[in-house]
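Here's a protein to get to know piece by piece. Have a look at the chain first, then we'll walk through how its parts sit together.

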Amino acid sequence: MSANEREALTYAAAGVNIDAGNRAVELMKDAVKATYTDGVLGDVGGFGGLFSLGAIAMKEPVLVAGTDGVGTKLRLAIDRGEHTTIGQDCVAMCVNDVLVQGARPLFFLDYIATGELVPEQIATIVKGVAAACQESGCALLGGETAEMAGFYAPGDYDLAGFAVGLVDREKIITGERIAAGDVIIGLPSSGVHSNGYSLVRRIISREELQLDQVYPGLERPLGEELLTPTRLYPKAILPLLDAVDVKGMVHITGGGFYDNIPRVLPKGLGAHIDGTSYPVPPIFRSLASWGNVSQHEMYRTFNMGLGMLVIVAPEDAEKTLQNLADRGETAYRVGEVTTDGEVVVSGV
């Protein structure tokens, strides 16, 4: 076959539609710009996002960065065709981590990869990201949508994000001042959040559970329950940091209680969590029952109804609870720091 007889190939013929990408940007542009704060310079579409720290008065400003994804919770969202809430999961997984260091989220960037770019779908995902950024007080400064032809199955995509926050160096929360006897206060989660979904999906598959069915103990179809977006904690936590001496915080993510709490404790210290001190949401009891999952495994995999832990001195415990209550935030005194070097969950 001569060169003249061969089809002239294009990027679009190879599976990458630049026009679809441009269309997606147009559909999401207003939602992105609505997140812009005073520090944002420039407009949507630049090669890099610009953010000025000039107006921020701090003695020694420190940037705090975090990155994460949504994990296999995406599988449920894709299978159900529900793309409106998954963006909040991505933002929450990042800004909550940054928040634990005492940092105020400044800006966020997202990354979406897909086999075939559908502008409306991508815009829906990004609008969810933008709404979560607004609630967290940070700007959606930029992002990337990668159309990777032949790399993903039809309809599949992946979503990850990157958050940057700012804290004065003298106010960084490291956990190094935590001492035995300090009180652990828990803030409720919104549900399963974005960790443990490989186990969740295994339970669903083995037990042949139906996502559109309302099971005993649950008030919504199982799919809706499991796709409840991860809670964003900046609005609850940032005002607290101005009012109380918070010694440490724990974002309960992968690894649950047993792996995450030790990350902030000084060497030799442990923690006792009273599993009866707060209400465990029914979805966790259902998952444990369906999967015959031990309580130790549940507390090592899931947040079990507490997405954020705050550690304060005993004399600051009531002040902390009152501050949260005055702002309409529910919180529980769930445990204390111990000297035994282990995390123990009792009453479960």
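## Two domains and where they meet

In this predicted model, the C-alpha centres of domain 1 and domain 2 are 24 Å apart. Which residues belong to which domain? Domain 1 takes in 15-44 + 55-169, while domain 2 covers 180-344.

Now for the place where they touch. Domain 1 brings 26 residues to the contact, and domain 2 brings 29 residues. Together they bury an area of about 2,400 Å², and carbon and sulfur atoms account for 68% of that. On the domain 1 side, three residues stand out: Lys-73, Leu-76 and Leu-99 provide 25% of the area that domain 1 buries against domain 2, more than any other three residues.

What about polar contacts and salt bridges across this interface? There are 11 residue pairs in polar contact between domain 1 and domain 2, but the salt bridge count between the two domains is zero.

Let's stay with domain 1's side a little longer. Helix H2 (73-80), helix H3 (86-100), strand E4 (104-114) and helix H4 (119-136) each give at least two residues to the side that touches domain 2. The largest share, 10 residues, comes from H3. Sort that side of domain 1 by class and you get 12 nonpolar, six polar and eight charged residues.

## What the record says

UniProt has an unreviewed entry for this protein, and its annotations include a "PurM-like N-terminal" domain at residues 61-167 and a "PurM-like C-terminal" domain at residues 180-345. Here's how the chain looks over those two stretches:

| Residues | Helix | Strand | Distance between end C-alpha atoms |
|---|---|---|---|
| Residues 61-167 | 38% helix | 37% strand | 6 Å |
| Residues 180-345 | 35% helix | 19% strand | 16 Å |

## A salt bridge in helix H1

Side chains of opposite charge can pair when their charged atoms come close. How many salt bridges does the whole structure have? A search finds 13.

One pair to look up is Glu-26 and Lys-29, which form a salt bridge with their closest N and O atoms 3.2 Å apart. Why are these two about one helical turn from each other? Both sit in helix H1 (residues 18-33), and they are three residues apart there, so about one helical turn separates Glu-26 from Lys-29.

How values were computed. Residues are numbered from 1 along each chain as its sequence is written. This is a predicted model: local features need pLDDT of at least 70, side-chain atom pairs count only at pLDDT 80 or more; totals for chains, interfaces and linings use all residues. Side-chain values use heavy atoms; hydrogens and water are left out. Domain bounds come from an automatic or database domain assignment. Contact means heavy atoms within 4.5 Å. Buried area is the accessible area (1.4 Å probe) that two parts lose on being put together, summed over both. A salt bridge is a side-chain nitrogen of Lys or Arg within 4 Å of a carboxyl oxygen of Asp or Glu. A polar contact is a pair of N or O atoms within 3.5 Å; within protein, one must be able to donate a hydrogen and the other to accept it, and residues adjacent in sequence count only if both atoms are side-chain atoms. Helices (H or I, at least four residues) and strands (E, at least two) are DSSP runs, numbered from the N terminus. Ala, Val, Leu, Ile, Met, Phe, Trp, Tyr, Cys and Pro count as nonpolar, Asp, Glu, Lys and Arg as charged, and the others, Gly among them, as polar. UniProt positions are given in the numbering used here, feature names are shortened, and annotations may be inferred rather than shown by experiment.
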